[in-house]
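Me: I have a model open on my screen and would like to understand the words used to describe it. Could you take me through them, setting each value against its definition?

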Amino acid sequence: MTFEQLRIFLAVAARSHVTQAASALNLTQSAVSSAIATLEAQHGVKLFDRIGRGIVLTEEGRLFLPVAQRVLTEAETARNALDDLAAEPRGTLRVFASQTVASYWLPPRLMALHARHAGLRIALTVGNSTQAAKAVSEGTADLGFVEGPLPESDLQHQVVARDELVLVMRDTRSMAGCESFSTDDYRAFTWVLRETGSGTRSESETHLSGMGLSVDQLDVALELPSNEAVLAAIAASDAVSLVSHRALRHSAFGHVRGHRITWTAPSLRPFAMITHPHRHRTRAASALITVISEMRGDAGSTSELPRS
């Protein structure tokens with residue numbers, strides 16, 4: 001069994017299509033088919049069923065899938081460890097960041113890292129905070145960046161920036177000029193919220209708890225998986241939401257207005273870097289940490305928001 005066979009197996013499993021996998025791997029269709037056939041023949045097991053033009057995992061294939069993923073992850077870790085023996089950061093830096101961090105805070109720092117170490121490959125995966133913590137815990141990411149609190153774990157947390165959660169609504173609403181809002185106002189609003197598991201959702205629930213409310217007491221019309229989707233929904237309706245000030249500041253929806261939620265605490269939330277205490281820290285990871293330390297002055301100005 002070779003790493004190339006495992007790589008091809010995972011590509012076909014992810015796409016359920018030999019031709020698409022071949023295109024993604026820059027291989028011929030016959031090379032991909034041959035690799036799968038050889039793997040099956042070597043071990044006397046059928047990994048895929050061919051159904052029409054498609055291809056689906058058998059039960060044996062489904063059981064083998066996480067094993068193959070772990071093997072390739074460990075191989076990548078070993079490759080990075082060897083690359084790290086050189087003085088210059090090399091190999092691939094695997095970063096997993098929650099959406100707000102990845103969209104508005106992390107890119108300038110990754111570009112600064114690239115400017116210093118152009119030969120370093122940077123693989124950024126974007127998900128929610130829970131997924132980022134899982135990736136670091138399992139070793140599929142060297143560094144994670146999350147927003148808001150996380151469940152107790154052995155992972156190490158270091159606050160690298162802070163963001164402000166703001167209440168947003170379309171500026172044509174009659175209440176857009178209000179300086180503060182009550183729990184009754186919150187109950188009367190129609191809400192659009194981020195999905196469960198996101199840092200924004202977690203911080204929103206903390207804010208609501210500070211007002212003596214829970215999500216179950218709100219009129220929630222939609223739960224959406226991105227800041228952009230939430231802001232687009234707010235721009236097109238009379239609904240309200242709680243989002244990152246950074247997301248609002250970079251939004252294309254100029255007629256969506258943000259209100260500070262300083263009438264309850266906390267309104268500031270941390271952006272944290274998470275690392276695994278028992279895994280080797282590569283030179284590439286250390287290089288990004290250095291860049292972040294040097295750029296700590298950018299905490300995200302909120303001066304343009306109205307005080308409430």
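Me: What makes asparagine 128 a cap for the N-terminal end of α6?

Reply: One of its side-chain oxygens lies 3.1 Å from the backbone nitrogen of threonine 130. A polar contact is a pair of N or O atoms within 3.5 Å; within protein, one must be able to donate a hydrogen and the other to accept it, and residues adjacent in sequence count only if both atoms are side-chain atoms. At 3.1 Å, this oxygen and nitrogen fall within that 3.5 Å limit. Do keep in mind that this is a predicted model, where local features need pLDDT of at least 70 and side-chain atom pairs count only at pLDDT 80 or more, while totals for chains, interfaces and linings use all residues. Residues are numbered from 1 along each chain as its sequence is written, and side-chain values use heavy atoms, with hydrogens and water left out.

Me: Which residues of α6 are buried, and what does that word require?

Reply: Helix α6 covers residues 129-138, and its buried residues are Ser129, Ala132, Ala133, Ala135 and Val136. Buried means under 20% relative accessible area, exposed over 50%, and partly exposed in between (1.4 Å probe, protein chains only). The helix name follows DSSP: helices are runs of H or I with at least four residues, strands are runs of E with at least two, and both are numbered from the N terminus.

Me: How do you know that those buried residues line one face of α6?

Reply: Seen down the helix axis, they fall within an arc of 160 degrees, so they share one face of α6. The arc is taken from the directions that run from the helix axis to the C-beta atoms. That face packs against β3 (92-98), β4 (121-127), β5 (143-147), α8 (199-210) and β11 (268-275), where contact means heavy atoms within 4.5 Å. Just after the helix, glycine 139 takes a positive phi of about 85 degrees.

Me: Why is serine 98, in β3, called buried?

Reply: Its relative accessibility is 1%, and the limit is 20%, so serine 98 counts as buried. Its side chain makes a polar contact of 2.7 Å with the side chain of glutamate 147. Among the residues that serine 98 touches, leaving out those up to four places away in sequence, are Asn128 and Ser129.

Me: What makes glutamate 195 buried, although it sits in a loop?

Reply: The loop lies between β7 (190-194) and α8. Its relative accessible area is 17%, which is under 20%, so glutamate 195 counts as buried. Beyond residues up to four places away, it touches Asn128, Arg201, Leu224 and Pro225.

Me: How do you know that the pair of glutamate 195 and arginine 194 counts as a polar contact?

Reply: The two residues are adjacent, so both atoms have to be side-chain atoms. Here the contact joins side chain to side chain at 2.9 Å, so the pair qualifies.

Me: Why do serine 16, asparagine 26 and aspartate 154 get their exposure labels?

Reply: Serine 16, in the loop between α1 (3-15) and α2 (18-25), has 34%, which lies between the two limits, so it is partly exposed. Asparagine 26, in the loop between α2 and α3 (29-43), has 72%, which is over 50%, so it is exposed. Aspartate 154, in the loop between β5 and β6 (156-170), has 65% and is therefore exposed too. Serine 16 also has a positive phi of about 50 degrees although it is not a glycine, and asparagine 26 has one of about 60 degrees.

Me: What makes the largest pocket a pocket, and how is its volume defined?

Reply: On a 1 Å grid over the protein atoms alone, a pocket is an open set of points with protein on both sides within 12 Å along at least five of seven lines, whereas a cavity is a set where a 1.4 Å probe fits but cannot get out. Points are joined across faces, edges and corners, and the volume is the space filled by probe spheres set on them, here about 250 Å³. Lining residues have an atom within 4 Å of a point; there are 18 of them, with Asp142, Arg279, His280, Arg281 and Thr282 nearest the centre. Helix α4 (residues 59-83) gives the largest share, 3 residues.
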